[in-house]
Amino acid sequence: NDAHEPARAALCGASATLCHDAILTPMDVVKQRMQLGRYKHVGDCLRSVLRREGAWGLYRSMPTTLAMNVPYGSILVASNESMKQFLGVRKIRQDTRNLLPWYFLSAGLSGAVASAATQPLDVVKTRLQTQDCLVRPKRPDGSSMREPVTYAGDSTNLCAPKYSGFLPAVRTIVREEGWLALYTGTMPRMLHAVPSAAMCWGTYEVVKNFLQDY
């Protein structure tokens with residue numbers, strides 16, 4: 001069935017993303033914490049998170065992760081199908097090799113659209129996932145000290161999480177930094193999403209069409 005059904009494509013993308021994130025969110029949390037350079041290895045990171053924050057620490061950002069990734073997956077798949085329709089790729093029946101650049105172009109542009117549309121959600125998700133890692137001790141006047149960063153869960157420097165959830169995080173970011181803070185990192189994220197989506201979905205389309213011919 002070659003009918004153009006963007007709503008159906010969006011639903012498929014959302015469902016696949018839901019299953020994906022239910023499994024990979026803890027891994028994403030560990031990856032981001034490791035990137036901050038405060039742990040020796042993955043095992044050390046896991047033990048620290050479980051000891052200081054409990055198992056919920058690995059899933060605290062799950063609602064926000066889904067709030068970002070489900071729309072992203074929906075927009076990406078629906079945009080890709082619509083882009084192929086616009087470019088006329090869906091109507092062409094010829095050697096797949098001639099369609100190769102169009103598949104990758106369609107997927108790459110769709111990745112750019114989806115990443116730009118969901119950037120605010122990604123900012124909030126990242127803030128929630130990393131807020132408990134690093135906390136700078138405060139002077140009596142409230143200013144940050146220049147001593148080495150300490151863990152928020154350290155018993156000698158207990159500190160409540162700055163953001164208690166998705167909506168409180170949005171309100172705090174907007175109040176303290178302005179609306180534009182929700183779009184911080186949009187260009188780097190698009191530069192990552194374009195080749196990622198192009199390689200993933202472009203390869204998928206090519207392989208699918210190749211297998212359909214045999």
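**Close-up views of a helical chain**

**View 1. Glu81 and its side-chain partner in helix α3.** The side chains of Glu81 and Lys84 are joined by a polar contact of 3.1 Å, a polar contact being a pair of N or O atoms within 3.5 Å of which, within protein, one must be able to donate a hydrogen and the other to accept it, with residues adjacent in sequence counting only if both atoms are side-chain atoms. This is a predicted model, in which local features need pLDDT of at least 70 and side-chain atom pairs count only at pLDDT 80 or more, whereas totals for chains, interfaces and linings use all residues. Residues are numbered from 1 along each chain as its sequence is written, and side-chain values use heavy atoms, with hydrogens and water left out. Glu81 belongs to helix α3, residues 62–87, helices being DSSP runs (H or I) of at least four residues, numbered from the N terminus. With a relative accessible area of 19%, Glu81 is buried (buried means under 20%, exposed over 50%, and partly exposed in between, with a 1.4 Å probe and protein chains only).

**View 2. Trp102 in helix α4.** Trp102 lies in helix α4, which spans residues 96–117, and its relative accessible area of 39% makes it partly exposed.

**View 3. The chain around these sites.** The protein chain has 7 helices and 0 strands (strands being DSSP runs of E with at least two residues). Of its 214 residues, 40% count as buried. About 12500 Å² of the protein chain is exposed, with carbon and sulfur atoms supplying 64% of that area, as given by the Shrake-Rupley method with a 1.4 Å probe.
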